[in-house]
Every structure is written in structure tokens, then in C-alpha cells.
Amino acid sequence: MPSTADDASMASKPICQIVAPVGMLGYGFDEVLTAFELSRLVPNGIPTAIILDSGSTDSGPEKLALGVTTCPRSAYVKDLTKLLRLVHTFRVPLVFGSAGGDGTDEHVQLMGEIIEEIAAKEENKDYHIKAISIFSGIDKTTIIQRLHAGRITGCGPCVPPLTASAVEESPRVVVQVGPEPFIDAMEAHPDFNVIIGGRAYDPAPYAAYAAFQLKQQHGDVSSSDIQERYGGFLHMGKIMECGGQCSAPKSPGAIATVYPSGVFDIRPMSPSSRCTPFSVAAHALYENARPDILRGPGGALHLQKTKYDQLEDGRTVRVSGSRYQSSKAGGSPYQFKLEGARVVGYRSMFMGSVRDHILISQIDNLLPRIKAYVAEQHAEDAGKWELDFHVYGKGQSTAQGPGELFVICEVLAQSQALATSLAAKARVAMIHGPYPGMKATAGNFAFGIGGRMEIELGPCAKFAVYHLMDLEPGEERLALSDTNASIKFADRLIHGSVAVFGKGQPLPQTAAFRDSISQLRDSLPEPKISSATFVMPSSKNTSITTPKTLSDVAQTLRSKNAGPFDITIDVIFTSEAMFHSIMKSNLLSPDTVARALGIAKEDIVWMGFFKPALAFKVTIPRFRAGKKAPAGSFMENDVHGSQQHLGLATLKLPTPVVSSPVKFVLSQPWHNLVVSAAAICGMSTIALAKYLAKEKWV
């Protein structure tokens, strides 16, 4: 760091402030709340930016295979209209990555077109938007050359080897870039207003802005100094890209304050939410295969020594000690993740319900017979199709009987016509197929939901490319069309362009402007979260006197995609005592976890306890019909992976763990005394024990 007369003062002054109003562009956000926060941040003169994520593989392979966006165009128009108004009003830049959901070149162009349309409106005649577009599409020839050279591997143990045909059959392939192209764009045009990023590692835009500001403000900072701070910058970005997911109750958005050392503060935007060391540490679990090492382009983020400290306001957490280890330092090349998907056929379906109690008990016998009937009727099409059933409601019962089954038949075939014909044959068999004891001879199946019998779903996509490609030195950097004239596009995989939209003049952020924002700030009322905003409602007291299952002792128990090939499950415990009790009990052994989740022990990708969040985590492959399969495609029923935790949730607790956690903390004499004293004081045993521990009596 540069030498100054007051190094301590220099280190304590933030280099930037980042506002993430929502976790995903296109999902909608509170413009009033965001304006309120900006009115308080901008006057302090610290560089401030609005940064959002815009993409994910969570919603399946259709975007890459079919060219569709995560949200409808109208949703992007609505969000970008509000965002550009904030950019113009507060003179702060906007940066987002993975445009349109997949970050393909056509979706980067789409966002540019939308911004141009907004800037051209009469009410926005004063807008001046200098926009940089970063394109992440990659030429398939390059991929196949690296494949033949043995320089491409699967992204994780569940990803099958890449083939040239998978590349060729994918209409578009993107690379997941790191912070470097964003930094290059910012340095080439420091007066930018908007950066539209192609497919990017989710934290990349956030880390890039922090690194850019560090270099801008501390001109003689060395590359090694920046690398030392990358851990903090990337960790900040990893938290911020999910908006206010790190707060309790969950806030729509969050604000980060970043320091030259790489330390950062984070707080929620919602006035009813707060960040705690526990809630922020727990975010390292979310949708990651493991919580301590998070791999990304060019290296890995290490959180083993990260510290989380609550600040005096009770809503802000300071994070320090996060480290970044570059792949280069370990003797390995920089790698880009490749993402692509292809069409594997066409789908049709039908759906309806079964209420006949006689048939419900035999449904597992009838469905294979329906498949056999369809195969017989389409013998000439053998090998050209697949057919299977989703059955919901098994094992449920009512006072009147065994309840109701909801059945969806899904068909995949080489053509839409064949898929629909197969579905029609299966529907007829579903309605009229005989079964022992049959009395409801008019039909077995209630159908016609939405006025449709067979529903044509169109092309069916499947992830085909999810692999890591070795780069040559410098290929991770950006070549812009109007700068770096000495750099040939052929030397870089990533390129960009610059355009200016609107008829207004550039408006720098001056001291006089910041004073005017201060006056605006004083006139704005404290915002209130509307009842329609997605925040966690207050819950009733659901404490469980005698916990029986793992869910009963968990504050959070969830599952989520960790990329399209893995599911990760997080169990965050209600207390430190319970965390240690479960850990010592050996309840969550590899054998028990594998049985609970219905997989082989050898298929566990990673599992372990994570003390900073008082949590246990296990990551497993995605399975469908007993086979490993990526998210989306034929017979998918949980593309988000959010309902795969039940096996652990219902795991029975051993008897010692069921007992009060206090017994595991206090010696027996102290335990007896606390129980007696609690009864006399009219307090719960746990409440009194906590009080005595706080006062250091026990």
C-alpha cells in the first residue's frame, strides 16, 4: 500500500460502497428503499455503485439450448427503467453480470437494446448512458481444440467427460468469466455508467468494482497487494450476489462497505432485518458444494480463518480474514467454466388425478402395464422415445379413505407429433386400463385440467457442457473494440464494445451535487416495507419441548442446487450446544446420511460440520430414476433442488440428543441446582442456565 502520513486513517477509510437492491435482475425491487439508501451513501463522497447478479443455471438448461431468458422482456424493461432512473438521479454506475440469465451474446445485446429504448424516451431526454458490453460467448473450434489437447475436465466429480459431439450439438456455449474483464472495462472507461456483463462468476462484478476502486485510489498498489485483498472482495461479492439472503429475517437487498485491506461490512436494506455473525457466516453454505473452499475462475476462496464481528448498530457485520489462492500460485493454469446445453427431443404430457381407493392401492402395478401397452401400440418406433410418470400423494389419507393421487405422464420423443401420439395412447390406457377388483368401470382417471388432454411442451433441453477449460496466460482479460489497439481480438477469448445512449450530457458527481443529495436526503421519510414485499413474516412460537427428528433441532434445513449436477443440503442448528451434541453423537455419519438420502455412501461428494454457522452440510449427485442426471430435462420435478432435504429432516434423533441441551453443558451438581432454582424463579431451565453462563456463574 502507498506510504502516507497517516496509514491508519487511510486504512480505515472505505474505498467503495455497493448496493444490491435484489438478488436477481428481473425479479423486481423496491425503488423507494434503494433511493433512500443512495441518498444517505452518495453524500459521503465514497464511490458507490449499484451491482446485481442476473443469471444462474438453477432454472435449467432451456436458456442455453433455446435462447430464452430467465424473466420475460417486460420484467427487464421494468427493472432497468427504475435502475437507470437511480443511475441518473444519483450519478452512480450500474453493473450486472450474466445478462438474461445465461449471459449469452444475444442476451447481452438484448439488454443493450432495452437500455437504448429507455434512454430514447422523451421523459428521459437528459439521460447520458455510457454502456460497456462484455461478451462471454466462445467459439466452438477453440473448445474442441482444447478438448483434443486434453485441457478440458468436468466441473466436479458428477460431470461426465466432454465429447466433441456435445459441443457441436449445443447451439451456444458461454464461459463463466472472473473479475478481470470487468476490471479491464472499468479501467478503459472510468466514466462508464453501465456495464452489461455476459456470463460471469456471480461475485465477479462486485469484486471487480472493489479492485478497480482500490487501484484508482491507491495508484501504486502492487498486483500482489491486490491478490491479498481478493479474498475479501470475492467473499463480499459472494454474499451480495444473493441480495439480502445473509440477513435475518431475509431482506430483499443488502449494502456492502469495502475497505482497502479487503475487510468489508455488510448490512440489510430492509429496516426490519439485521445481519448477525451467524447469518452472514451461514451464507457460505448456500448453494455451494462445501462452505470452506469456494472455487471460481482463476482460483479458490478460502474461508477457514474468516472472522465475523457484530458492529455496534446491531445490524451490520464486519468480515475479515477471507483468503484467495490463485491457481497460478499453485502451479495450475487459469480456468474458465464452460456452459452449454442441447435439445434432446420433444415433450408432451397429460395430467389428472385418481380418487378410486381400489386403484390407488394398485397404482404401482397399473403404470408399468400402461408403458407396455404404449410400447405395443408403437412397436415401429422402438428406441425413439421415453415415457414415465410423476405420482404425487402416495401414502396420504383422509377420514374418507386413502386420499387422492395426482399423476403427470411425461413423454420424450424424437418429434413433437410422436410425443403427443404416445401421450394420447398412455392417457387412454390410464383411463380404461383394468385392474383387480375394478368397480369404477366408467374410467380410472379425472383429467382435462385447463381444458386440455395432451399438452405439447416443445423441445426438451439438457445440460451438455459444464466443464473447466485451461487458458493460456492473459486469455482471461478483455479486448474492447475501441481501446487496446495493440491487442488483437485473436489473442483474447473475451471481447466487448462501448456505446452511448441518450441525448443528455455526462453528469459528473461533484461536491455541489453531493450537497444537493444531502438536502434531498433530509426531505425523505424513513421507508417502510410494504406488506407485499417478499420479507419473512413474523412466525409463531414453534419451540418443540421434546425434539424427535433432525428438523426439530434445526433453525434452517434446506436443499439447493450446487450447480446443475449436484444437490447440497444444509442443516443449521438452533444452538451451539445442539451443534456439539449432534456432532458428538455420530448421528450424521456417512453411513447414516447415505441411508437417509437413499444413495450409496461412495456417492457423497462432500460432507462435514461448519462451526462458524453451527451447521452440517452434505453434497450429493442429482439422481433421477436411479441414474445421475443434470438439472432440467426429461422427468425433472425439482429443477431448483429445493425439496430434496426430507431424508435428513425426518432422521430420528438418538435418545441422548433428545434431552435438554443444558445437560450437555452443565455438570450434574450444577444441573440439579439450576433445575431447582428455575422452578423457584418461575423461569425455564434453559433461560436460567443461559443467564448464569453469561454472568460467568457456570
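Here are some short exercises with worked solutions on the predicted model shown above.

**Exercise 1. Get an overview of the fold.**
How many helices and strands does the protein have, and what share of its residues counts as buried?

*Solution.* Start with the secondary structure, which comes to 21 helices and 27 strands. Next, turn to burial: of the 698 residues, 53% count as buried. Finally, look at the contacts between residues at least 6 apart in sequence: 75% of them join residues at least 24 apart.

**Exercise 2. Work out the sheet that contains β10, β11 and β14.**
In what order do the strands lie, and which of them stand at the edges?

*Solution.* Begin with the strand order, which is β10-β11-β14 in an open sheet with antiparallel pairing. β10 (293-296) and β14 (323-326) each have a single partner strand, so these two stand at the edges and one side of each is left without a neighbour in the sheet. As for the twist, neighbouring strands here are turned by 25° against each other on average, with direction ignored.

Now zoom in on one pairing. β10 is joined to β11 (residues 299-302) by four bridges in the antiparallel sense, and L294 stands opposite L301 in β11. To finish, add the helix: α10 (residues 223-240) lies across β10, β11 and β14, and runs at about 115° to β14.

**Exercise 3. Place β4 among its partners.**
Which strands pair with β4, and in which sense?

*Solution.* Take β21 (residues 494-501) to begin with: seven bridges join this strand to β4, and the two run antiparallel. Within that pairing, S133 has S497 as its bridge partner. Then take β7 (residues 194-197), which pairs with β4 in the parallel sense over four bridges; here I134 stands opposite G197.

With the partners in place, check how covered the strand is. β4 (residues 129-135) has seven of its seven residues buried. I129, A131, S133 and F135 point one way, K130, I132 and I134 point the other way, and all are buried.

**Exercise 4. Describe helix α14 and its surroundings.**
What is the span of α14, and what covers its buried residues?

*Solution.* Count and span come before anything else. α14 (residues 416-432) has 17 residues and reaches 25 Å from its first C-alpha to its last, close to the expected 24 Å. Next, list the buried residues; among them are L418, A419, L422, A423, A426, R427 and M430. For the spacing, it helps to recall that an α-helix has 3.6 residues a turn, so residues three or four places apart point the same way. Lastly, identify the cover, which includes the strands β15 (335-354), β16 (385-392), β17 (405-413), β18 (446-447) and β19 (455-470), as well as the helix α13 (363-377).

**Exercise 5. Classify the ring of Y334 against that of F336.**
What kind of aromatic pair do Y334 and F336 form, and why?

*Solution.* A pair of aromatic rings is described by the distance of the centres and the angle of the planes. The protein has nine aromatic pairs. For Y334 and F336 the centres are 5.7 Å apart and the planes stand at 85°, so the pair is edge-to-face; the cut-off for that class is an angle over 60 degrees. Y334 counts as buried, at 13% relative accessibility, and F336 is buried with a relative accessible area of 0%.

Two further aromatic sites round off the exercise. F573, F579, F609 and F616 form one aromatic cluster. Elsewhere, the charged end of K82 sits over the ring of F29, 4.5 Å from its centre.

Methods. Residues are numbered from 1 along each chain as its sequence is written. This is a predicted model: local features need pLDDT of at least 70, side-chain atom pairs count only at pLDDT 80 or more; totals for chains, interfaces and linings use all residues. Side-chain values use heavy atoms; hydrogens and water are left out. Two strands pair if DSSP finds at least two bridges between them. Axes are lines fitted to C-alpha atoms, for helices over the stretch in contact, and angles run from 0 to 180 degrees between N-to-C directions. Contact means heavy atoms within 4.5 Å. Rings of Phe, Tyr and Trp (its six-membered ring) pair if their centres lie within 6.5 Å; planes under 30 degrees apart count as stacked, over 60 as edge-to-face and the rest as tilted. Buried means under 20% relative accessible area, exposed over 50%, partly exposed in between (1.4 Å probe, protein chains only). A charge sits over a ring if NZ of Lys or CZ of Arg is within 6 Å of the ring centre and within 35 degrees of the ring normal. The expected span of a helix is 1.5 Å times one less than its number of residues.
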